[in-house]
Every structure is written in structure tokens, then in C-alpha cells.
Amino acid sequence: MRLLFIGDILGRSGRAIIAGELPKLRARWRLDFVCINGENAAGGFGITEGICNDLIEAGADCVTLGNHSFDQREALVFIERQHRLLRPVNYPPGTPGRGATVVQTAAGANVFVMNLMGRIFMDALDDPFAAAERELAGAPMGVACDAAIIDMHAEASSEKQAIAHFLDGRVSLVVGTHTHVPTADHQILPQGTAYMTDVGMTGDYDSIIGMDKEEPIRRFLTKVPGSRFEPANGAATLCGIAVETNGKGLAVKVAPVRLGGRLAQAEPEFWG
Ligand code: FE2
């Protein structure tokens, strides 16, 4: 199967490149499944139902979130009816929505997707390792699904690497999100799981992790909050990771994707 995971959509410029490019990429690369992290899609903070529907319309099969899941309060309600939208699975019991799901592709394959959130330098949610273990026990790859994608939304590289090696051989892809800068360590781990510590954001890289530069710099200089953070609205770079899996759901090819905007461009050559 051909899987594409796209990193954190940041505001209007991130949404624009998805609407413009994703339908073409789906056709050109003959993608079986596309997952997008959308937790910064609404002005940098959360996601609305309209934006979620737009991402699905553009070609996302599933949308994941993170620490900004409920910044737009309507998400507390519509997440219950939007089964392709996931918030971290290790939120406490009783949190609206779900953290894992199985989505069927057009060809009839089943893809398991799970959103996890780290606990280092972040809100202290439940243990992501125990949550992952529990969820995967209920949907083992090769039995309940043909491929499995894990979005590990976390600040610390060590925690992302630990989750990846913990799940190596049991899922197709563990990909890090949240830090908004792509790392250069995309690889296939020893037991066959594709991994990248952070996939990067889909937004304007002439920014401080996607936001207009002035206010963040001012806060570093003065330590006093002034105006709101606003998304930078220059041309976005679409950042993602491309993975091809075998009949067991394990990765056989992996490559970074960086299209448009300011970053050096990268495409999966194995898909032509
Ligand atoms: Fe985040």
C-alpha cells in the first residue's frame, strides 16, 4: 500500500496548499491512504468542522490532532460525529471523541490509525505506552487491519523514538508531529516500522514554527505577552512522509515529502 502522512496544517496557507495539491498528489502517486495532522488548521489553534470536512474533501482519509484538539470549542461536539477525526487516545476516560479508528480504503483495505500524545514538556495525559499497547491488542496488524499509522504528537525526540522502537514491527509507521520542523532521520526500523521523529508542519517556514515572527521574538525579549500569535500567511511547504508497505503491513520504502514554499524540495522518487 502507498501511505502518505502530512504534518501539522498551519492556518490558511497550510490549508491552501492542501486544497491545491493533495488531490493531484493522490492521483499522481496513486495513494491508498492519506492521514493529516490538523490540530493547528484553524488559525493555528484547533480545528473546526468546516475545516475538517475540507481536509477530507481534498483527500484526507483521516485527520489527527494533539494538544490543541479542543481549542475550537465546537470540536468537543462535532468530534463525536466525525469518525475520521482523532484526538490523542491517552486523554483521560470521558474525553469526547476517539483516539483510534480503522478506516477502509477505496480498494477495501483496512487502515488502523492512532493518535498518541507525549508527556514530556506537555500536559500530563495518561501513559501513551500503555494506551498504545491496549489499542493495538484490539486491532493487531495482519488480523484486524492491513496497515497501521501512529501519530506520536510530542515535544521530546527521546519519547518519540521510544514509542517507535516500542511499536517496531507491530505497525507500518510511527511519525512524530507537534514540533513543526522536519527531521532528517526517516528510516525503516529493524523490525519493519517506518519512522521519522518529526514530519514538520505544512505552513509558512518564514515564521517561528508557523507563527508571524514579531510577537514570539518580542516575548523572548521582554517576557511580557502582547498581542495574539497569528499564523504566518506566506506560501506553505507541504511536509509529509511517504511510505510503501508490503503484504504484512510493514514498510519497504520510506521518503520525506517537502513541496512548495521555502524548504528544500523532496519527493518520493520510487513513486515516479
Ligand atoms: Fe501540538
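Below is a short chat about how some labels in this predicted model are earned.

Me: Before we start, what counts as usable here, and how are residues numbered?
Reply: Residues are numbered from 1 along each chain as its sequence is written, and side-chain values use heavy atoms, with hydrogens and water left out. As the model is predicted, local features need pLDDT of at least 70 and side-chain atom pairs count only at pLDDT 80 or more, while totals for chains, interfaces and linings use all residues.

Me: What makes residues 11-28 a helix, and how does the span of α1 compare with the expected one?
Reply: Helices are DSSP runs of H or I with at least four residues, strands are runs of E with at least two, and both are numbered from the N terminus. Helix α1 has 18 residues. The expected span is 1.5 Å times one less than the number of residues; for α1 that is 26 Å, and the helix reaches 25 Å from its first C-alpha to its last, which is close.

Me: Where is the kink in α1, and how is such a bend defined?
Reply: The kink lies at E21, shortly before the proline P23, and is about 40°. That angle is taken between axes fitted to the seven residues ending at a residue and the seven starting there.

Me: Why is E244 called buried, and what is K253 called?
Reply: Buried means under 20% relative accessible area, exposed means over 50%, and partly exposed lies in between (1.4 Å probe, protein chains only). E244 has 18%, so E244 counts as buried. K253 has 32%, so K253 is partly exposed.

Me: How do you know that E244 and K253 form a salt bridge?
Reply: The definition asks for a side-chain nitrogen of Lys or Arg within 4 Å of a carboxyl oxygen of Asp or Glu. For K253 and E244 the N to O distance is 4.0 Å. E244 also meets R2 in a salt bridge, at 3.8 Å. E244 lies in strand β11 and R2 in strand β1, so this pair ties together parts that are 242 residues apart in sequence. R2, E244 and K253 are thus linked in a network of salt bridges.

Me: Which salt bridge does R28 of α1 make, and what does it tie together?
Reply: R28 meets E267 at 2.4 Å, N to O. E267 lies in the segment after β12 and R28 in helix α1, so the pair ties together parts that are 239 residues apart in sequence. R28 is partly exposed at 43%, and E267 is partly exposed at 39%. A search of the whole structure finds 13 salt bridges.

Me: What makes β7 and β8 a pair of strands?
Reply: Two strands pair if DSSP finds at least two bridges between them. Five bridges join β7 to β8, which run parallel, and D151 has V175 as its bridge partner in β8.

Me: Why are β5 and β9 said to stand at the edges?
Reply: The open sheet has the order β5-β6-β7-β8-β10-β9, with mixed pairing. Here β5 and β9 each have a single partner strand, so one side of each is left without a neighbour in the sheet.

Me: What makes β2 mostly covered?
Reply: Five of its five residues are buried. F33, C35 and N37 lie on one side, with V34 and I36 on the other. Four bridges join β2 to β1, and these two strands run parallel.
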